[in-house]
Amino acid sequence: LTVSAAPKELSQALDTPLGPGKWNSQVLALQKILKYYFPAQTPYNPDGGYGARTKAGMIKVQDLLQIAATGVFDQETAVKLQEYGVPLSYK
């Protein structure tokens with residue numbers, strides 16, 4: 001896993017947990033971050049809704065990170081992503 005420069009829009013930290021049924025700017029930011037860093041695992045268009053496609057993408061990312069694939073953006077996922085240099089913040 002390699003990390004390139006972060007999108008310019010990132011500045012406010014994401015909350016955990018984020019999961020199915022949520023619809024807000026936090027989810028939209030998470031979707032954009034995952035789409036930027038993990039495009040192969042996230043074949044969806046960010047829309048701010050944590051639905052089946054976002055959950056499936058999160059599971060693929062969690063599998064890649066070799067952590068529990070719950071489909072929920074939780075504290076364990078956040079810590080692991082940050083270990084790899086993925087910024088978890090938005091504007």
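Start by selecting Thr-77, Ala-78 and Leu-81 in helix H3: these are buried. Look down the axis of H3 and you'll see that its buried residues fall within an arc of 100 degrees, so they line one face of the helix. Now show H1 and H2 too, since the buried residues of H3 pack against them. One thing to keep in mind as you click around: this is a predicted model.

**Stop 1: Thr-77**

Stay in H3 and zoom in on Thr-77. Is Thr-77 buried or exposed? It is buried, with a relative accessible area of 0%. Turn on the side chain of Asp-74 as well: the Thr-77 side chain makes a polar contact with it, at 2.6 Å. Then bring up Met-58, Gln-62, Ile-67 and Val-72, which Thr-77 contacts once you leave aside its neighbours within four places in sequence.

**Stop 2: the salt bridge**

Still on H3, pick Lys-80 and Glu-83. They form a salt bridge, with the closest N and O atoms 3.6 Å apart. The count for this model comes to one salt bridge, so there's no need to hunt for another by that rule. Why can these two side chains meet? Lys-80 and Glu-83 are three residues apart in H3, so about one helical turn separates them. In general, an α-helix has 3.6 residues a turn, so residues three or four places apart point the same way. Colour by accessibility and the pair splits: Lys-80 is partly exposed at 24% relative accessibility, while Glu-83 is exposed, with a relative accessible area of 56%.

Step just past the end of H3 to Gly-85, where phi is positive, at about 85 degrees.

**Stop 3: zoom out**

Switch to a cartoon view. The protein has three helices and two strands, and along the sequence they follow the pattern β-α-α-α-β. Of the 91 residues, 41% count as buried. If you draw the contacts between residues at least 6 apart in sequence, 51% of them join residues at least 24 apart.

**Stop 4: helix H1**

Select residues 25-37, which make up H1. Put a distance between the C-alpha atoms at its two ends and you should get 18 Å; that agrees with the 18 Å that its 13 residues should span at 1.5 Å a residue. At the start of H1, look for Asn-24: one of its side-chain oxygens reaches to within 3.0 Å of the backbone nitrogen of Gln-26.

Which residues of H1 are buried? Highlight Gln-26, Val-27, Ala-29, Leu-30, Gln-31, Ile-33, Leu-34 and Tyr-37. What covers them includes strand E1 (12-13), H2, H3 and strand E2 (89-90).

**Stop 5: the largest nonpolar core**

Next, show side chains for Leu-14, Leu-30, Leu-34, Phe-73, Leu-81 and Leu-88. Of the 21 residues in the largest nonpolar core, these touch the most other members. Helices H1, H2 (52-65) and H3 (75-83) are the elements that give two or more residues to this core. H1 gives the most, with six residues.

**Stop 6: Leu-14**

Centre the view on Leu-14, in the loop between E1 and H1. Leu-14 is buried, with a relative accessible area of 12%. What does Leu-14 contact, leaving aside its neighbours within four places in sequence? Display Gln-26, Ala-29, Leu-30, Ile-33, Phe-73, Leu-88, Ser-89 and Tyr-90. Then pick the C-alpha atoms of Leu-14 and Tyr-90: the two residues are 76 residues apart along the chain, yet those atoms are separated by 7.1 Å.

**Stop 7: two backbone oddities**

Finish with some backbone geometry. Most residues other than glycine have a negative phi, and most peptide bonds are trans.

- In the loop between E1 and H1, find Pro-17. The peptide bond leading into Pro-17 from Thr-16 is cis, with omega near -5 degrees.
- In the loop between H2 and H3, find Gln-66. Its phi is near 60 degrees, a positive value in a residue other than glycine. With a surface on, you'll find that Gln-66 counts as exposed, at 72% relative accessibility.

Technical notes
Residues are numbered from 1 along each chain as its sequence is written. This is a predicted model: local features need pLDDT of at least 70, side-chain atom pairs count only at pLDDT 80 or more; totals for chains, interfaces and linings use all residues. Side-chain values use heavy atoms; hydrogens and water are left out. A nonpolar core is a set of buried Ala, Val, Leu, Ile, Met, Phe, Trp, Tyr and Cys residues joined through side-chain atoms within 4.5 Å. Buried means under 20% relative accessible area, exposed over 50%, partly exposed in between (1.4 Å probe, protein chains only). Helices (H or I, at least four residues) and strands (E, at least two) are DSSP runs, numbered from the N terminus. A salt bridge is a side-chain nitrogen of Lys or Arg within 4 Å of a carboxyl oxygen of Asp or Glu. A polar contact is a pair of N or O atoms within 3.5 Å; within protein, one must be able to donate a hydrogen and the other to accept it, and residues adjacent in sequence count only if both atoms are side-chain atoms. Contact means heavy atoms within 4.5 Å. The arc is that of the directions from the helix axis to the C-beta atoms. The expected span of a helix is 1.5 Å times one less than its number of residues.
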